[in-house]
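Thank you all for coming. I would like to walk you through one part of the structure on the screen, beginning with a single residue and working outwards from there.

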Amino acid sequence: MNHHLRRTVPAVGAVLATGVAMGALGWAGGAQSAPSAERPLISRAAAGPVDAFGGARRETTDQTQLIQDSLAATGAKNVILLIGDGMGDSEITVARNYLEGAGGFFKGLDALPLTGQMTHYSVDKATGKPDYDPDSAATGTAWATGQKSYDGAISVNRAETPRQTLLEWAKQSGRATGDVTTAEIQDATPAVQVASVNARSCYGPDQTSTTCPRFAKENGGLGSITEQLLDTRPDVTLGGGSATFAQKAKAGTYAGKTLRAQAQQRGYNVINNAKQLKAVTRADQDAPLLGTFSQGNMPVKFAPLNATPTGADGDARTCTANPDYGKTPPLSTMTTKAIDLLSKNRAGTDKGFFLQVESASIDKQDHAANPCGQIGETEQLDQAVTAALDFARKDGNTLVITTADHAHTSQIVDAPTPGLNAKLRTREGSDMIVSYNTAPAGGSQQHTGTQLRVAGYGPGAGNLVGLIDQTDLHFIMQNAMEAFRG
């Protein structure tokens with residue numbers, strides 16, 4: 001067992017303090033003590049030994065007053081949306097079982113007081129009829145613009161007409177804005193907030209000229225995703241994807257110059273390592289922060305442990321560290337820095353901010369049938385949610401929402417399946433078989449179309465309860481910001 005990667009099991013029967021006296025939610029009014037990563041909003045730990053009478057209970061006090069207090073306000077000065085790419089209920093459960101145990105809980109993902117379920121689907125480009133198993137471009141377009149579109153669309157409708165994004169609206173309304181991801185910053189989920197283009201692969205001028213010619217700058221279009229990102233000009237942009245910045249613009253003021261040189265000439269503070277990120281004290285429209293910490297996607301937390309046809313045979317295995325992970329800032333660090341910078345710049349102080357954060361490689365490792373990879377990236381999202389909640393509890397006027405763009409393939413099963421399997425030893429010492437059955441070994445596992453969990457904390461979070469659609473997120477977040485009266 002790699003003890004460096006495993007938490008100490010709490011004493012049997014131990015229950016964490018809730019950290020929320022009934023009626024003491026920060027944004028519902030009243031003073032509160034400083035938040036702690038060890039004191040979540042709601043404790044969802046099992047009450048005792050899970051095999052004892054009542055021991056597996058997670059809810060041990062009446063929640064009525066807590067829920068009433070959670071509905072006391074609607075207007076949010078700030079909105080933080082945290083996305084687990086490919087993080088369906090199964091992916092959350094796999095990660096929770098391995099990292100926290102069956103009776104354990106995540107201090108971010110599981111601690112938000114208001115939860116619902118969210119439908120997600122795209123539409124056929126030609127007919128507009130539902131496509132029940134969408135991709136990240138279409139799903140991101142749904143919450144970014146409030147409109148369903150086709151797979152591959154980046155904030156355009158079925159007719160390929162650009163739609164205003166929530167980040168663009170927030171900036172236009174005088175708010176600070178940020179976009180953070182562990183993927184390339186041109187990848188679908190971060191791209192939907194800063195660009196509108198008819199194909200998600202059009203990262204730079206080179207791809208756009210051939211794949212999306214109508215959008216190419218030389219043809220009078222809006223440009224590639226990276227060029228549009230520079231035009232949209234969020235106050236903070238952090239992630240991977242530095243390779244695309246070596247491409248050169250083909251038209252306009254910066255024709256013949258690399259996109260990196262263009263960014264620098266346009267006043268961006270361009271950084272590429274954790275030390276530089278730590279040193280940044282300002283990010284605004286005069287000096288927006290552009291941090292790209294890897295050529296492509298950022299390194300994941302755990303080394304690969306791929307499922308195989310015989311992966312459930314023999315002894316269970318544990319996850320090991322990825323040596324490249326420490327070379328770039330973790331998602332929680334990027335999230336904390338983004339919140340700090342956005343909340344303190346002039347626009348953020350005056351009007352508030354909108355921030356989107358993505359843990360991108362839950363999906364990418366699920367595609368690869370790599371349970372350890374997806375577990376580590378689910379933990380990264382949980383830590384980012386915890387950072388967002390720490391700020392929101394102190395601030396009192398921040399809506400935090402966490403959900404996924406689509407569901408994925410991993411399943412917890414009782415015995416080996418005809419597909420790909422991996423047997424993991426959980427923190428409790430039990431064996432858990434994770435199975436993938438939508439592609440053969442070496443293939444890419446498919447997304448699934450099952451509805452998604454959505455959870456929130458802060459003013460406006462009551463609108464997440466029950467069954468909503470992915471497009472509802474757009475209006476819930478926009479309405480919360482519009483309703484704020486400071």
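Let me start with Asp405, which counts as buried because its relative accessibility is 0%, under the 20% cut-off. Before I go further, please keep in mind that this is a predicted model, and that what I describe is computed from it.

Asp405 sits in the loop that links β10, residues 398–404, to β11. Which residues does Asp405 touch, if we do not count those up to four places away in sequence? They are Ile83, Gly84, Asp85, Gly86, His120, Ser136, Thr139, Trp143, Thr189, Leu452 and Gln470. With one of these, Ser136, there is also a polar contact, side chain to side chain, at 2.8 Å.

Asp85, which is on that list of contacts, deserves a closer look. Asp85 is placed in the loop between β1, residues 78–84, and helix α2. Is Asp85 buried or exposed? With a relative accessible area of 3%, Asp85 is buried, because that value is under 20%. Leaving aside neighbours within four places in sequence, Asp85 is in contact with Ser136, Thr189, Glu358, Ser359, Ala360, Ile362, Asp363, Asp405 and His406. The side chain of Asp85, too, makes a polar contact with the side chain of Ser136, here at 3.3 Å.

As for annotation, the unreviewed UniProt entry lists Asp85, Asp363, His367, Asp405, His406 and His447 under "binding site"; Asp363, Asp405 and His406 are also among the contacts of Asp85 that I have just read out.

From the loop of Asp405 we can move on to β11, and with it to an open sheet of three strands, ordered β11-β13-β12 and paired in the antiparallel sense. The edge strands, each of which pairs on one side only, are β11, residues 411–413, and β12, residues 420–425. On average, and ignoring direction, neighbouring strands of this sheet are turned by 35° against each other. Between β11 and β13, the latter covering residues 431–436, the antiparallel pairing runs over three bridges, and Ile412 has Val434 in β13 as its bridge partner.

Finally, the helices. Helix α2, residues 89–99, lies across β11, β12 and β13 and runs at about 55° to β11. Helix α13, residues 371–395, packs on the sheet as well, where it touches β12 and β13, and its direction makes about 55° with that of β12. Helix α2 also brings us back to where we were, since the loop that holds Asp85 lies between β1 and α2.

Technical notes. Residues numbered from 1 in each chain as written. Predicted model: local features only at pLDDT ≥ 70, side-chain atom pairs only at ≥ 80, totals over all residues. Heavy atoms only, no water. Pairing = 2+ DSSP bridges. Helix = DSSP H or I, 4+ residues; strand = E, 2+ residues; numbered from the N terminus. Axes fitted to C-alpha atoms, helices over the stretch in contact; angles between N-to-C directions. Contact = heavy atoms within 4.5 Å. UniProt positions renumbered as here; feature names shortened; annotations may be inferred. Buried < 20%, exposed > 50% of the residue type's maximum accessible area, 1.4 Å probe, protein only. Polar contact = N/O pair within 3.5 Å; in protein donor to acceptor, adjacent residues only side chain to side chain.
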